Amino acid sequence: MRTANLSGRLVLVTDDESAVDVEQASDGRFGPDPQSVYEHWKAFREWAAVADLPPGRPFATADLGSPAPAPRQVLAAGLNYRAHADESGFAVPDTLPPVFTKYVSSITGPVTEVRLPEGGHTDWEVELVAVIGEWAYQVGEGDAWRYVAGLTVGQDVSERITQLQGPAPQFGLGKSYPGFTPMGPYLVTPDALDDRDDLELGCSINGEEVQKGRTRDLIFSLPALVSRLSAVLPLLPGDVIFTGTPAGVGMGRTPQRWLADGDVLVSHVRGIGELRQTFHA
Ligand code: ZN
């Protein structure tokens with residue numbers, strides 16, 4: 001099953017890439033808010049599995065918002081692929097990756113224009129993103145997929161000067177400028193993917209591939225992250241987990257490379273879809 005946020009309304013995306021409005025199709029049983037549906041995710045899935053849907057209508061991806069536009073918590077893992085930890089000059093984490101937040105005001109849909117912070121070094125990080133579908137506290141790794149509503153594509157856009165300045169890194173601020181957290185285009189339920197534990201992800205700048213990886217290479221898999229994060233705090237329905245980025249970011253290159261005026265960044269997870277960000281000075 002695929003859902004999306006179309007102009008602020010929850011829709012089901014059908015096989016022919018058209019959209020069915022959930023509130024209308026369910027006669028109001030489920031509301032239009034793409035964020036609140038995660039509070040009723042199990043019931044929503046049960047309804048969607050058997051619903052007699054009207055024909056969908058075509059839509060433009062530019063009208064899509066984030067499948068989780070207003071989560072209460074965004075948790076993001078750093079250094080979660082070995083080659084990326086190496087290129088960043090950090091030790092590979094053993095018990096827990098560094099965990100930070102991207103503040104919710106930076107969340108956008110999948111197709112956006114992003115202003116580059118003046119004097120900054122703005123970098124790219126394609127990531128697999130999970131949305132939580134059920135209150136999860138102290139969950140075992142073997143049960144963790146049950147708490148995941150679905151997966152989407154995320155970009156953890158990062159301004160490295162802000163992120164790394166001062167006596168201790170400022171991950172939250174450096175990664176939360178306006179537009180720095182695009183997500184989408186769809187939320188795909190794990191059962192709809194060929195192999196939820198091994199997804200190809202990557203991104204390109206102006207058509208040149210800069211990152212390519214597979215989620216089987218995560219140091220802490222998504223179930224491991226759900227288990228270890230929920231060991232500390234409850235994960236709430238609609239919360240977002242950024243799982244980490246593979247190698248190929250600008251900071252790890254020689255010479256280093258940063259996003260520039262006019263650059264078009266296209267990020268994908270195969271089987272889910274792609275994001276497209278155009279950057280402006
Ligand atoms: Zn990241």
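This briefing walks through the overall fold, a zinc site, a buried aspartate, one helix and one loop residue. The model is a predicted one. The protein has 281 residues, and 56% of them count as buried. Its secondary structure comes to six helices and 18 strands.

**Overall shape**

- The radius of gyration of the protein is 18 Å, which agrees with the value near 19 Å that a compact globule of 281 residues would have.
- Along the principal axes, the C-alpha trace spans about 55 × 40 × 30 Å.
- Among contacts with a separation of 6 or more, 74% come from residues 24 or more positions apart.
- The protein exposes an accessible surface of about 12000 Å², and carbon and sulfur atoms hold 50% of that surface.

**The zinc site**

- Three residues supply the protein donors of the zinc ion: Glu125 (OE), Glu127 (OE) and Asp156 (OD).
- These donors lie 1.9 to 2.1 Å from the zinc ion.
- Written as a sequence pattern, the spacing of the donor residues is E-x1-E-x28-D.
- Glu125 belongs to the loop between S9 and strand S10 (126-132), while Asp156 belongs to the loop between S11 and strand S12 (158-159), so this pair ties together parts that are 31 residues apart in sequence.
- Glu125 counts as buried, because its relative accessibility is 5%, under the 20% cut-off.
- Asp156 is also buried, with a relative accessible area of 0%.

**Asp123, a buried acidic residue**

- If you are browsing the strands, look for Asp123 in S9, which covers residues 122-123.
- Asp123 is buried, and its relative accessible area is 0%.
- Which side chain does Asp123 join through a polar contact of 2.9 Å? The partner is the side chain of Arg160.
- The Asp123 side chain also reaches a backbone atom, the nitrogen of Gly250, at 2.6 Å.
- Beyond its neighbours within four places in sequence, Asp123 is in contact with a set of residues that includes Val157, Ser158 and Arg160, along with Val249, Gly250 and Met251.
- Arg257, Trp258 and Leu259 are also among the contacts of Asp123.

**Helix H2 and its two faces**

- Helix H2 takes in residues 41-50, and its buried residues are Trp41, Phe44, Trp47 and Ala48.
- These buried residues cover an arc of only 125° around the axis, which puts them on the same side of H2.
- Turned away from that buried side is a face carrying the exposed residues Lys42, Ala49 and Val50.
- What lies over the buried residues of H2? Their cover includes strand S1 (2-6), strand S2 (9-13) and helix H1 (22-25), as well as strand S11 (148-155) and strand S13 (181-188).

**Val37, just ahead in the loop**

- Val37 sits in the loop between H1 and H2.
- Is Val37 buried or exposed? Val37 counts as buried, because its relative accessibility of 5% is under the 20% cut-off.
- Not counting residues up to four places away in sequence, Val37 touches Leu10 and Phe44.
- Phe44 is itself one of the buried residues of H2.
- Val37 and Gly238 are 201 residues apart in sequence, yet their C-alpha atoms are 8.1 Å apart in space.

Conventions
Residues are numbered from 1 along each chain as its sequence is written. This is a predicted model: local features need pLDDT of at least 70, side-chain atom pairs count only at pLDDT 80 or more; totals for chains, interfaces and linings use all residues. Side-chain values use heavy atoms; hydrogens and water are left out. Helices (H or I, at least four residues) and strands (E, at least two) are DSSP runs, numbered from the N terminus. Buried means under 20% relative accessible area, exposed over 50%, partly exposed in between (1.4 Å probe, protein chains only). A polar contact is a pair of N or O atoms within 3.5 Å; within protein, one must be able to donate a hydrogen and the other to accept it, and residues adjacent in sequence count only if both atoms are side-chain atoms. Contact means heavy atoms within 4.5 Å. The arc is that of the directions from the helix axis to the C-beta atoms. The radius of gyration is taken over C-alpha atoms; the globule rule is 2.2 Å times the number of residues to the power 0.38. Accessible areas come from the Shrake-Rupley method with a 1.4 Å probe; for residues, only the protein chains shown count as cover. Donors are N, O and S atoms within 2.8 Å of the metal (3.2 Å for Na, K and Ca); water is not among the atoms, so sites may look incomplete.
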